[in-house]
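Open the model in your viewer and keep the selection panel at hand. The stops below go one selection at a time.

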Number of protein chains: 2
Amino acid sequence: MLMQNRQAFQPVEAATDIARGGRSLGSLFQMSTVEVVPAGKAICWEGDAAKHLFQVVEGVVRLQRIIGEGRRVITAFHFAGDVIGAFLQSDFLFTAEAVTDCKIRRVSRKSFNEEVGRCDLLRPEYISLLCKETVAAHDQMVLLSKKNAEERLCTFIARLVSRRNAEVHKGLLRIPMNRQDIADYLGLTIETVSRTITKLASRNVLLPEGRHDLRIVNLRRLQELSGNPDDFSEKTCHSVSLH
Amino acid sequence: MLMQNRQAFQPVEAATDIARGGRSLGSLFQMSTVEVVPAGKAICWEGDAAKHLFQVVEGVVRLQRIIGEGRRVITAFHFAGDVIGAFLQSDFLFTAEAVTDCKIRRVSRKSFNEEVGRCDLLRPEYISLLCKETVAAHDQMVLLSKKNAEERLCTFIARLVSRRNAEVHKGLLRIPMNRQDIADYLGLTIETVSRTITKLASRNVLLPEGRHDLRIVNLRRLQELSGNPDDFSEKTCHSVSLH
DNA sequence: CGTGTCCTTGAGCTACTTCAATTTATGTGG
DNA sequence: CCACATAAATTGAAGTAGCTCAAGGACACG
């Protein structure tokens, strides 16, 4: 039914194949204990030495950067299975905060690097993770650079829908984050996010049910409105040179 | 004098240490012949199978994506020494075009991966490259998400200035790309770019000399106007939690 | 020296923001 | 379990940064 061909979301789920028994990135976290992080609490701080990597076991985490007074950018959301901090070299370039109550595991960067350096099976997965993060970041650059409010919101919702493990129960999509989170992720204001949802509702694309659930009425239409050409019409505008 | 602490620009110079004699990523391209690409011509196309990686030997290259009719996003500029396509897994996610007359080298993805997989010295450099690309992409997300026209342009110019090998001859900075390129990179229109330059000139921050050169009158001020907190005042707004 | 392209400047417009007032959800204590 | 309190979300009205459209000017090419 849904067929976004590239990665579904900013972060990239790295685990899930723990079950495969094989030595996967996710398995590196298996030996460490689970920590509980209540909603709103920080996991790590921008500017601090990145001594650990984290894996989300349960819940949703946001990565954010604060620039100037009151300006916040959310660069990614991370879900169960995702690894946080893979691309960091020395310091955290973001503050990671729990959006919902979370469970996480951590491993030290040192031992992570040692394991990845040693194990020939882990390395491709690690590299693949880095590549996908970059691809996701580029997609977000396109969104922030050229999409209008409606396209941004539809893209966001479409990404949520097509996440593996997405909380979709008979057309009801769980939105774990609040409007401010969504706004800061999409480069908009809460008001614009709110108004855009209302507009989509009036057009029978979706139907908000409470603050944290959306009934997806017309997924097809939603995807069309996301302004992602390749999501349905495959390649239309590739190889079209401007100027 | 200049002191941007993070990477100077979107792409990350990977070579330059060819001279070190050591086996570096750049050295992988040494054995292949130099190709000449005239300004405006494409090096690879979005959607095509990414069978090669490229290294810029001379000139400037832009990576761009076309979305919808007439909407173009430039995700990065690449300069001499930079590697293009490091983070690609299968297909090109961008069209690479020469901004100026260029010289490039290419290696096949296959042999690149083999070499990197084999050589323990190359791998950290490769991973480091991937990490830096992601970091650069995140910086660009912040720019596109929260910065106004003036901050965007100042950030852009400051990045150009602090590039290693930057073409700065006694305060005169070479701008190889045209206004449309700058606009599509910064998420603005040519008109806004033009007006913003005029405004900065009237405030004695810089002085345009022809279409492709800027005299940097007040670098300090330029950096301040770029809205990058950590560029001079170190950490001011870190660890400030909203909400 | 002319011609085409790129850049600049102006004037009006619009999508989104800002500020402010309600309305709706969520959680708490009686 | 309900009434209340507080935070979050919605809606409205007014403001604005940047866009669009259009014209004039500068640069680079033959």
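Select B:Arg211 together with DNA strand D: a polar atom of the B:Arg211 side chain sits 3.2 Å from a base nitrogen of the strand. Bear in mind throughout that this is a predicted model.

Next, add B:Glu191. An N or O atom of the B:Glu191 side chain is 3.0 Å from a base nitrogen of DNA strand D. Then add B:Thr189, where the partner belongs to the backbone of the DNA: a side-chain N or O atom of B:Thr189 is 3.0 Å from a phosphate oxygen of DNA strand D.

Now colour by secondary structure. Two elements each give two or more residues to the surface near DNA strand D, namely helix 6 (190–202) of chain A and helix 6 (190–202) of chain B. Helix 6 of chain A gives the most, with four residues.

Widen the selection to the whole protein surface around the strand. There are 16 residues around DNA strand D, and those that come nearest are A:Arg179, A:Ser194, A:Thr198, B:Ala149 and B:Thr192. Coloured by class, this surface shows seven charged, seven polar and two nonpolar residues. On the DNA side, select the atoms of strand D within 4 Å of the protein: 63% of them belong to sugar or phosphate, and the rest to bases.

Leave the DNA and select helix 4 of chain B, residues 149–162. What distance should separate its end C-alpha atoms, at 1.5 Å a residue? The expected span for the 14 residues is 20 Å, and the end C-alpha atoms are 20 Å apart, which agrees. Show the surface as well: helix 4 of chain B is mostly covered, with 13 of its 14 residues buried.

The last stop is in chain A. Select A:Lys147, in the loop between helix 3 (122–146) and helix 4 (149–162) of that chain. Is A:Lys147 buried or exposed? Its relative accessibility is 6%, so A:Lys147 counts as buried, the cut-off being under 20%.

Show what surrounds A:Lys147. Beyond its neighbours within four places in sequence, A:Lys147 is in contact with A:Val142, A:Arg152, A:Thr155, A:Ser226, A:Gly227, A:Asn228 and, from the other chain letter, B:Arg71. Two of these deserve a distance label. A polar atom of the A:Lys147 side chain lies 3.1 Å from the backbone oxygen of A:Ser226. The side chains of A:Lys147 and A:Asn228 are joined by a polar contact of 3.1 Å. A:Lys147 and A:Asn228 are 81 residues apart in sequence, while their C-alpha atoms are 9.6 Å apart in space.

Technical notes
Residues are numbered from 1 along each chain as its sequence is written. Chains are lettered from A and ligands numbered from 1 in the order in which they are written. This is a predicted model: local features need pLDDT of at least 70, side-chain atom pairs count only at pLDDT 80 or more; totals for chains, interfaces and linings use all residues. Side-chain values use heavy atoms; hydrogens and water are left out. A residue is near a molecule or strand if one of its heavy atoms lies within 4 Å of it. A polar contact is a pair of N or O atoms within 3.5 Å; within protein, one must be able to donate a hydrogen and the other to accept it, and residues adjacent in sequence count only if both atoms are side-chain atoms. Ala, Val, Leu, Ile, Met, Phe, Trp, Tyr, Cys and Pro count as nonpolar, Asp, Glu, Lys and Arg as charged, and the others, Gly among them, as polar. The expected span of a helix is 1.5 Å times one less than its number of residues. Buried means under 20% relative accessible area, exposed over 50%, partly exposed in between (1.4 Å probe, protein chains only). Contact means heavy atoms within 4.5 Å.
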